[in-house]
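Trainee: Pick out the aromatic side chains for me and take a close look at how they sit. I'd like the geometry and the exposure together, please.

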Amino acid sequence: MDAVMTDDLLARAAAELFARHAAPAAVRAIQEGGPADALWAAVEEAGFADALVPEAAGGAGLALSEALPVLLAAGRAAAPLPLGETMLARAALAGAGLEVPPGPIPLAEALQGEVPRGRMAAAGPAAWVLLPRPEGGAWLLPADGATREDSSSYGAVLRWASAGNARALPQADWLAAGAFATLAGMAGALERMLEETVRYAGERRQFGRPIAAFQAVQQQISLMTEDVFAARIAAQLAALPGGSGVAGLDTARVAAAKARIGEAASRAAGIAHAVHGAMGITAEVDLHLWTGLLHRGRLRFGAEGHWNAWLGAEFLRGAEAESLAFVRARLAPPPLEETTP
């Protein structure tokens with residue numbers, strides 16, 4: 001089947017699933033501590049969580065670029081699920097020949113301490129937690145064996161008494177894996193935010209005409225559109241194969257995409273709230289679902305400053321004498337004949 005047709009079918013299936021099971025009211029309920037069992041069960045039944053697992057291991061055997069539409073759809077719905085993280089964790093487990101456990105597997109950011117500790121998303125389901133190890137690799141730890149030390153809208157800190165019952169995974173760039181899962185959802189949220197902002201500007205009337213008719217609003221929405229489409233392209237580049245990371249991730253492309261999407265998120269959220277006016281500051285407005293996802297995503301798995309510094313260090317270590325040569329060598333997509341099935 002044609003790759004474009006497959007992407008379209010997958011995107012439509014994911015959009016329909018999240019429209020049915022992740023309406024704004026359902027998302028708010030989960031964020032406030034409600035169960036996400038029905039939403040996760042629908043995702044599992046659709047096979048999305050095993051999208052990157054090889055067919056021989058019971059998965060769909062998709063490439064990251066083929067699975068990206070599902071993550072974009074989840075971001076458009078602001079679905080509070082560790083879907084991208086679970087996809088990558090299951091792919092890594094299957095690739096290492098380890099048993100893939102059922103249930104969602106969020107990826108935590110490791111924190112220093114004498115016992116295993118990590119920060120993960122505050123809302124959403126978790127059966128297992130993938131925690132990077134200081135010496136490399138990662139532990140797969142049961143979520144119900146952790147003590148929650150602290151929690152805020154930006155994340156929850158979990159602590160395990162020991163790693164004695166953990167499964168060990170091989171060394172990998174788990175920070176880049178988490179960054180990719182995060183940026184894909186952010187790109188989807190940006191698209192939905194733009195659509196809702198354009199819709200609101202066309203409906204909201206001031207001085208007898210829609211505010212979308214005013215040149216100042218048009219100019220701001222055009223700037224927002226540039227950022228949103230740049231974010232979509234950055235996510236697509238980050239999903240291209242050819243790297244040595246989890247599921248073929250290339251850390252340089254992930255770094256550039258996470259930084260670019262983080263910058264886009266800051267500007268686009270500001271414009272969206274400005275266009276919505278006083279309505280934008282109320283938590284009951286759906287706009288808050290996407291801006292919340294974006295602001296949390298900017299901080300998770302490395303903010304813009306971290307990844308820009310990483311890229312700068314890579315450039316200084318590399319053989320390229322000019323930044324444009326570095327971009328062409330490390331960030332540009334591979335030749336078309338290498339990506340065509």
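Mentor: Let's start with Phe214, which is partly exposed at 22% relative accessibility (under 20% relative accessible area is buried, over 50% exposed, and partly exposed is in between, using a 1.4 Å probe on protein chains only). Keep in mind that this is a predicted model, where local features need pLDDT of at least 70, side-chain atom pairs count only at pLDDT 80 or more, and totals for chains, interfaces and linings use all residues. Residues are numbered from 1 along each chain as its sequence is written, and side-chain values use heavy atoms, leaving out hydrogens and water.

Phe214 has a cationic partner: the charged end of Arg209 sits over its ring, 4.2 Å from the centre (that takes NZ of Lys or CZ of Arg within 6 Å of the ring centre and within 35 degrees of the ring normal). Arg167 does something along those lines with Trp128, lying over the face of that ring at 4.9 Å from its centre.

Now for ring against ring. The structure has 3 aromatic pairs (centres of Phe, Tyr or Trp rings, the six-membered one for Trp, within 6.5 Å; planes under 30 degrees apart are stacked, over 60 edge-to-face, the rest tilted). One of them joins Phe207 to Phe214: the centres are 6.5 Å apart and the planes meet at 75°, so this is edge-to-face. Phe207 itself is exposed, with 74% relative accessibility.

Trp307 and Trp310 also make an edge-to-face pair, with 6.2 Å between centres and 65° between planes. Both tryptophans belong to helix α10, 3 residues apart, which is about one turn of the helix (helices are DSSP runs of H or I, at least four residues, numbered from the N terminus). Their surroundings are worth a look too: Trp307 is buried at 1% relative accessible area, whereas Trp310 is partly exposed at 23%.

Just before that helix there's an aromatic with an odd backbone. Phe301 sits in the loop between α9 (287–299) and α10 (304–317), and its phi is positive, about 55°, although it isn't a glycine. Phe301 is buried, with a relative accessible area of 1%.

For a non-aromatic comparison, try Ala247, in the loop between α7 (215–238) and α8 (251–276). Its phi is near 55°, again a positive value in a residue other than glycine. Ala247 counts as partly exposed, at 39% relative accessibility.

Methods
Helices (H or I, at least four residues) and strands (E, at least two) are DSSP runs, numbered from the N terminus.
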